[in-house]
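User: I'm new to this one and would like to learn how to read it. Could you walk me through it feature by feature?

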Amino acid sequence: MSNIIVAPSILAADFSKLGSEIKSVERAGADWIHVDVMDGHFVPNLTIGAPVVKSLRKNTKLILESHLMIDNPARYIEDFAKAGSDIITIHQEAVKNPKSVIRMIKALGVKVGISIKPKTKASKIYDLLDMVDLVLIMTVEPGFGGQAFMEDMMPKIKKIRKRFNGDIAVDGGINLQTAKKAKKAGANVLVAGTYVFGAKSIKKAIESLR
Ligand code: DX5
Ligand code: ZN
């Protein structure tokens, strides 16, 4: 068994039949469900909120990770925790005081992830590493699925891996080839939207990433 965690991103799913989409990735061996939350401010796109997480929670036992690409995430953390998120990931760039927001998430009994955009240096989160369960490295500019993987983010993953034993996720442009590069750099969680939901065989796509 590989210890690689595959986390399909529902951004690439068919929202008109989200329940069956989730069931199909669950049957195909997915480990987590990655939920992309966008506010039209922090990123130039709008997606979904806590009510969708609440519905998903009734539909799946998989770990639900809410990736909050929103300004002022503190305002919504309780909603996402109550909706049933197992992990709440915030962006370093979206908060003035990441430590206090991280503490808020933990106080709600939820695991916490910290994410950085491509232009943000790894060193910006070094002092947070002992407080978080997950580091999520963006390998595209957040906002949209289906973009090309930024291979120049691999040194960032290596720098974090030297200092951090927890989960390191890569998000954006993951497919069979790019997953290999991300794993080699030290990532163990692969978030994949287009590659998984756009595949002829979702099962084969998930297996190929491990
Ligand atoms: C982008 C999102 C990603 C996105 C990945 O802002 O954070 O999770 O869904 O999609 P693909 O795998 O298509 O690049
Ligand atoms: Zn994401």
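User: Let's start with Lys 82: is it buried or exposed?

Analyst: The idea is to look at relative accessible area: buried means under 20%, exposed over 50%, and partly exposed in between, with a 1.4 Å probe and protein chains only. Lys 82 has 68% relative accessibility, so it counts as exposed. You'll find Lys 82 in helix α3. Helices (H or I, at least four residues) and strands (E, at least two) are DSSP runs, numbered from the N terminus. Lys 82 is also 9.4 Å from Val 53, C-alpha to C-alpha, with their positions 29 residues apart in sequence.

User: What should I know about the model and its numbering before going on?

Analyst: It's a predicted model, where local features need pLDDT of at least 70 and side-chain atom pairs count only at pLDDT 80 or more, while totals for chains, interfaces and linings use all residues. Residues are numbered from 1 along each chain as its sequence is written, chains are lettered from A and ligands numbered from 1 in the order in which they are written, and side-chain values use heavy atoms, leaving out hydrogens and water.

User: How many helices and strands does the protein have?

Analyst: There are 8 helices and 8 strands. To judge the packing, take the radius of gyration over C-alpha atoms and set it against the globule rule, 2.2 Å times the number of residues to the power 0.38. Here the radius is 16 Å, close to the 17 Å that the rule gives for 210 residues, so the protein is as compact as a globular protein of that length. The C-alpha trace spans about 45 × 35 × 35 Å along its principal axes, and buried residues make up 53% of the 210.

User: Which residues are the protein donors of the zinc ion (ligand 2)?

Analyst: Donors are N, O and S atoms within 2.8 Å of the metal (3.2 Å for Na, K and Ca), and since water is not among the atoms, sites may look incomplete. The protein donors here are His 34 (NE2), Asp 36 (OD), His 67 (ND1) and Asp 171 (OD), at 2.0 to 2.3 Å from the zinc ion. Asp 36 in strand β2 (residues 32–38) and Asp 171 in strand β7 (residues 167–171) sit 135 residues apart, so the pair links distant parts of the chain. Both Asp 36 and Asp 171 are buried.

User: What geometry does the site of the zinc ion have?

Analyst: Six donors count as octahedral if opposite donors are over 155 degrees apart and all others between 65 and 115. Ideal angles for six octahedral donors are 90 or 180 degrees. This site has 6 donor atoms with angles of 71 to 170°, and it is octahedral.

User: Which residues come nearest to ligand 1?

Analyst: A residue is near a molecule if one of its heavy atoms lies within 4 Å of it. Of the 20 residues around ligand 1, Asp 36, Gly 143, Asp 171, Gly 193 and Thr 194 come nearest. For polar contacts, look for a pair of N or O atoms within 3.5 Å. A polar side-chain atom of Asp 171 is 2.6 Å from an oxygen atom of ligand 1, and a polar backbone atom of Gly 193 is 2.8 Å from an oxygen atom of the ligand.

User: What is unusual about the phi of Asn 72?

Analyst: Most residues other than glycine have a negative phi. Asn 72 is not a glycine, yet its phi is positive, about 50°. Asn 72 is in the loop between β3 and α3 (77–82), and at 43% relative accessibility it counts as partly exposed.

Notes. Four donors count as tetrahedral if all angles lie between 85 and 135 degrees; four count as square planar and six as octahedral if opposite donors are over 155 degrees apart and all others between 65 and 115; anything else is irregular. A polar contact is a pair of N or O atoms within 3.5 Å; within protein, one must be able to donate a hydrogen and the other to accept it, and residues adjacent in sequence count only if both atoms are side-chain atoms.
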